[in-house]
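Welcome, and thanks for joining this tour. Please open your viewer and have the selection tool ready.

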Amino acid sequence: MAGSSHGHGHTPAAWTGVIIAFIGFCVSGAFMVMAQPVGFWAGMVIVVLGGVVGGIMRAMGLGQPKQAPLKMTTTPVATREPVGVEG
């Protein structure tokens with residue numbers, strides 16, 4: 001993550017996907033405590049649905065825009081010689 005993280009995740013796609021996934025985790029957790037495997041797996045489906053919805057919203061343009069890749073420079077980096085301790 002070399003670039004600036006300004007605005008990272010602050011998009012409608014990110015918020016919607018995370019909120020849906022959080023609801024799915026809550027559903028799964030509740031049904032796990034109640035020992036109901038079907039409800040647990042239904043909650044896990046909701047978690048996956050959150051990722052799908054977030055991806056669809058990003059494809060619709062509601063996510064963070066892609067940035068150009070960083071360019072590598074070929075200029076040499078100046079180094080200093082280590083200073084020895086005289087004693």
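A few words on burial will help at the first stop: a residue counts as buried under 20% relative accessible area, exposed over 50%, and partly exposed in between, using a 1.4 Å probe and protein chains only. With that in hand, select W41, which counts as exposed at 56% relative accessibility.

Before moving on, please note that this is a predicted model, where local features need pLDDT of at least 70, side-chain atom pairs count only at pLDDT 80 or more, and totals for chains, interfaces and linings use all residues. Residues are numbered from 1 along each chain as its sequence is written, and side-chain values use heavy atoms, with hydrogens and water left out.

**Stop one: a pair of rings**

Keep W41 on screen and ask: how many aromatic pairs does a search of the whole structure find? The search finds 1. F40 and W41 form this aromatic pair, with ring centres 4.9 Å apart and 80 degrees between the planes, an edge-to-face arrangement. Rings of Phe, Tyr and Trp (its six-membered ring) pair if their centres lie within 6.5 Å; planes under 30 degrees apart are stacked, over 60 edge-to-face, and the rest tilted. F40 is partly exposed, at 22% relative accessible area.

**Stop two: helix α1**

Now select residues 12-33, helix α1. Helices here are DSSP runs (H or I, at least four residues), numbered from the N terminus. The expected span is 1.5 Å times one less than the number of residues. For the 22 residues of α1 that gives 32 Å, and the end C-alpha atoms are indeed 32 Å apart, which agrees.

Colour A13, G17, A21, G24 and S28, which are buried in α1. Looking down the axis of α1, you will find the buried residues within an arc of 55 degrees, so they line one face of the helix; the arc is taken from the directions from the helix axis to the C-beta atoms. These buried residues pack against α2 (37-62). Turn to the other side of α1 for the exposed residues W15, V18, F22 and V33. After α1 comes A35, with a positive phi near 60 degrees.

**Stop three: A13 and T11**

Zoom in on A13, which is buried with a relative accessible area of 6%. Contact means heavy atoms within 4.5 Å. Not counting residues up to four places away in sequence, A13 touches G54, M57, R58, L62 and G63. Add G55: 42 residues separate it from A13 in sequence, but their C-alpha atoms are 7.3 Å apart.

Finally, select T11, in the segment before α1. T11 is buried, at 13% relative accessible area. Leaving aside neighbours within four places in sequence, T11 is in contact with L62, G63 and Q64.

Definitions and conventions: Helix = DSSP H or I, 4+ residues; strand = E, 2+ residues; numbered from the N terminus.
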